[in-house]
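Okay, thanks for having me. I'd like to walk you through one structure today, sheet to begin with and then the charged pairs. Let me put it on the screen.

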Amino acid sequence: LNKMEISTSSVEECFMRVEDLERDMTSVVPTSQSRDSDFLFRNMTQLCLAACGDPRSKRILDVGSGFGQDAFALASKGASSFGTDPSLRMTNWARETYGSQVSWVQAWGEALPFADRTFDAVLCKGSLDHFKNPDVAIFEFARVVKCEGRVVVAVANFESLSCRIARIVDLVFPRGRYGIRRPFEVPSDHFTRYDPELLLGQLSSQLSIEDIRGVSLGWGLELYSRWLAQKSARTSRIVLNLADRLARRLPQLADVLVVTGKPRRSSIT
C-alpha cells in the first residue's frame, strides 16, 4: 500500500461498480402505472427496434440489455441477438427468462468483448446515461459495428418540455410537489444529464448522425397524467399520439431522444 496512491474518487468508483454488478433494476425500471408511462416506454421500444433495421439474419448487440426483453424481441424476429450487461444478476435473470435464443454476456459497455466490425447493429436503449465513461462506450459501439451498420441510442431528455414546465411549477410549489423525485431531477444512478446538444456532441465524435427523433411530450407531469387517466381510453390515446407526433418534429422538447448513426471510420482500417 505504501507504493500506491488511492484517491477518494477511485474508491468511490470501485464501490459504485461493485454495487452495479449486484443490481437487478427492479426499483428503477417503471411498471405499468399510468397511460403516459405505458405509451412512452412502448413507443420508445418500438422506435428503437425499428431503427435497428430488418433483424432477419443480422447480428445485433443490445448494450445494457437489463432484463433482456429487447434482445429477445430481436431474436424472435430472426436476428442473431447478443445482450450485454455489467450486472451478473441481470444477466442470469435474462438467461433464465429467455434461455439460449440470445447470447448473454456479462460486460461493461466501455469494454465490449467483441472483435471489430462484428455486428450489423448496436442498440443502447436507456443505458448510456448510466455509464461512467459514455465517450468510451460510444467508441466501443462504433468499433464493434460494421462500417455499413448502424448504432441506435435512446436516452431521457432533461431539457424536455416536461422538465421545463416542472422547473417553473417548482418555483411556486417547491420540493415535494412531485413526490421523491421531480421530473427534472436526475436519478442518483445516472452519471450524465443528457439534453439534445450534449447527446449529439458525444455521438458525433464517433458516428455520422443519420436521424434524431423524439418520443412523447408531457411525461412526468402530475396533472397531465391525472387528466389522461380521467378521460376515455380512446381520448387519451388520441392525445398521446398527437403529442408524440409533435415530439417527432421537435425532439428538443421530447421526453426521450432516439438517435441513429453510422461509424465515421472508412471501410479501410
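**A buried aspartate and the sheet around it**

So, D70 is buried, with a relative accessible area of 7%. Hold on to that one, I'll come back to it. One thing to say up front: this is a predicted model.

Let's do the sheet. It's open, it has seven strands, and the order goes β3-β2-β1-β4-β5-β7-β6, with mixed pairing. At the edges you find β3, residues 103-106, and β6, residues 207-215, and each of those pairs on one side only. Ignoring direction, neighbouring strands here are turned by 15° against each other on average.

Now look at the β6 edge. Its partner is β7, residues 256-263; the two run antiparallel and eight bridges join them. If you want a spot to click on, S208 stands opposite K262 in β7.

Lying across β1, β4, β5, β6 and β7 is helix α5, residues 134-144. Against β5 the helix runs at about 145°.

On to the charges. How many salt bridges does a search of the whole structure find? The count is 12. I'll show you a few.

Back to D70, then. It forms a salt bridge with K125, and the closest N and O atoms are 2.8 Å apart. D70 sits in helix α3, residues 69-76, while K125 is in strand β4, so this pair ties together parts that are 55 residues apart in sequence. And is K125 buried or exposed? Buried, at 14% relative accessibility.

Compare that with R56 and D54, whose side chains meet in a salt bridge at 2.7 Å, N to O. Here R56 counts as exposed, at 55% relative accessibility, and D54 is partly exposed, at 39%.

Next one: D244 and R248, with a salt bridge at 3.3 Å, N to O. Both are in helix α9, residues 233-249, and because they're four residues apart there, about one helical turn separates them. D244 is buried, with a relative accessible area of 6%, whereas R248 is partly exposed, at 29%.

Last stop. Which residues are linked in a network of salt bridges? That would be E159, R164, R167 and R193. Rotate to that one while we talk, and I'm happy to go back to any of the pairs.

Methods. Residues numbered from 1 in each chain as written. Predicted model: local features only at pLDDT ≥ 70, side-chain atom pairs only at ≥ 80, totals over all residues. Heavy atoms only, no water. Pairing = 2+ DSSP bridges. Axes fitted to C-alpha atoms, helices over the stretch in contact; angles between N-to-C directions. Contact = heavy atoms within 4.5 Å. Salt bridge = Lys/Arg side-chain N within 4 Å of Asp/Glu carboxyl O. Buried < 20%, exposed > 50% of the residue type's maximum accessible area, 1.4 Å probe, protein only.
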